[in-house]
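Reader: Hello! I would love a close look at one part of this model, the aromatic residues that gather together. Could you walk me through them and then show me the sheet?

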Amino acid sequence: MALANENSPVFSLGGFQATMAFFRDEPKITEAFRTGKGVDWGDHDPNMYEGTERFYKPNYIANIVSSWIPLLDGGKVEEKLKRGGSGTKIADVGCGHGISTILMAKAYPNSKFIGFDYHKPSIEVARKKAKEEGLYEDRITFEVASSTDFSAKEGEGYDLIAFFDCLHDMGDPSGAASHVLQTLKPDGTWMIVEPFANDKVEDNLNPIGRMYYAASSLVCVPASLAHNGPALGAQAGERRISELVKAVGFKQFRRATQTAFTIVYEAKP
Ligand SMILES: C[S@@+](CC[C@H](N)C(=O)[O-])C[C@H]1O[C@@H](n2cnc3c(N)ncnc32)[C@H](O)[C@@H]1O
């Protein structure tokens, strides 16, 4: 299950594939530590992108549809997605290879999904995967767009906007939060999935915190710094994320649920 079955909830080779990219990227990271200029997400060894997809996929298969979405807004989000129709729209921002988008689209066939990412090669992979599943254009589309300017038709906001393991990587997470607030329907929900972290460093000194701090220093912090961002990093913690979300005008924020690896936050206008 851990080594051979890509769809098992304990499949773990994706993390090793991403680790291979860490080593191949070592000269760039070392230089970035010297200059403070960061390394953009798109400048890594290609194993980073597939490794990230395969690292998160087991967690998403095990949780998104069976646990995380049902827990949002007292079950109302799941109800809307299941019912679909009348312009029910979901955005998956920073969607990478689109694994989360495809899982949701398969589970809620009456709703329309759109995945956005500013990394064009990832969007090309996502489109290919959705085509292979027979979902592309009918139930899912993917567009190259940044989290601060992804499209929303006038008067037609999103019912759900999801950010899976990407808010902390962004150059302008506050700008992204503002854009989400402007593009959600008034009763819409923002689901923010982040790596598990406590607020204090000393409370993260455990095997999971060690793994995430390492990955964060090599990938997440440099990604944000490459855009002169605040470098929240993968261990930002609930207090920091909550402050950022409330500062742009969201009225409600809560921790909807968590696993050993993940915290799921919910924000509402
Ligand atoms: C760690 S990966 C997660 C990808 C995917 N959500 C997943 O869970 O597998 C972070 C993703 O965020 C995207 N990203 C980072 N900053 C972004 C921004 N400002 N706008 C759009 N996408 C962004 C990256 O291109 C990358 O695909």
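**The aromatic cluster**

Author: Happy to! Tyr56 is buried, with a relative accessible area of 15%, in what is a predicted model. Its neighbour in the pairing, Phe55, is partly exposed at 29%. The ring centres of Phe55 and Tyr56 lie 5.1 Å apart with the planes at 65°, and since planes over 60 degrees apart count that way, the pair is edge-to-face.

Tyr60 and Trp68 also make an edge-to-face pair, with 6.3 Å from centre to centre and 75° between the planes. Both partners are buried: Tyr60 has a relative accessible area of 5%, and Trp68 has 0%. Together with Phe164, the residues Phe55, Tyr56, Tyr60 and Trp68 form one aromatic cluster. Across the whole structure, a search finds 11 aromatic pairs.

Now for the sheet. Seven strands make up an open sheet with mixed pairing, ordered β3-β2-β1-β4-β5-β7-β6. Strands β3 (140-144) and β6 (252-258) stand at the edges with a single partner strand each, so one side of each has no neighbour in the sheet. From one strand to the next, the twist averages 20°. Strands β2 (residues 112-117) and β3 run parallel and are joined by five bridges; Phe116 has Glu143 in β3 as its bridge partner.

Helix α4 (residues 76-83) packs on this sheet, touching β1 (89-93), β4 (158-164) and β5 (184-195), and its direction makes about 110° with that of β4. One more ring deserves a mention: the charged end of Lys89 sits over the ring of Tyr158, 4.7 Å from the ring centre.

Technical notes:
Residues are numbered from 1 along each chain as its sequence is written. This is a predicted model: local features need pLDDT of at least 70, side-chain atom pairs count only at pLDDT 80 or more; totals for chains, interfaces and linings use all residues. Side-chain values use heavy atoms; hydrogens and water are left out. Two strands pair if DSSP finds at least two bridges between them. Helices (H or I, at least four residues) and strands (E, at least two) are DSSP runs, numbered from the N terminus. Axes are lines fitted to C-alpha atoms, for helices over the stretch in contact, and angles run from 0 to 180 degrees between N-to-C directions. Contact means heavy atoms within 4.5 Å. Rings of Phe, Tyr and Trp (its six-membered ring) pair if their centres lie within 6.5 Å; planes under 30 degrees apart count as stacked, over 60 as edge-to-face and the rest as tilted. Buried means under 20% relative accessible area, exposed over 50%, partly exposed in between (1.4 Å probe, protein chains only). A charge sits over a ring if NZ of Lys or CZ of Arg is within 6 Å of the ring centre and within 35 degrees of the ring normal.
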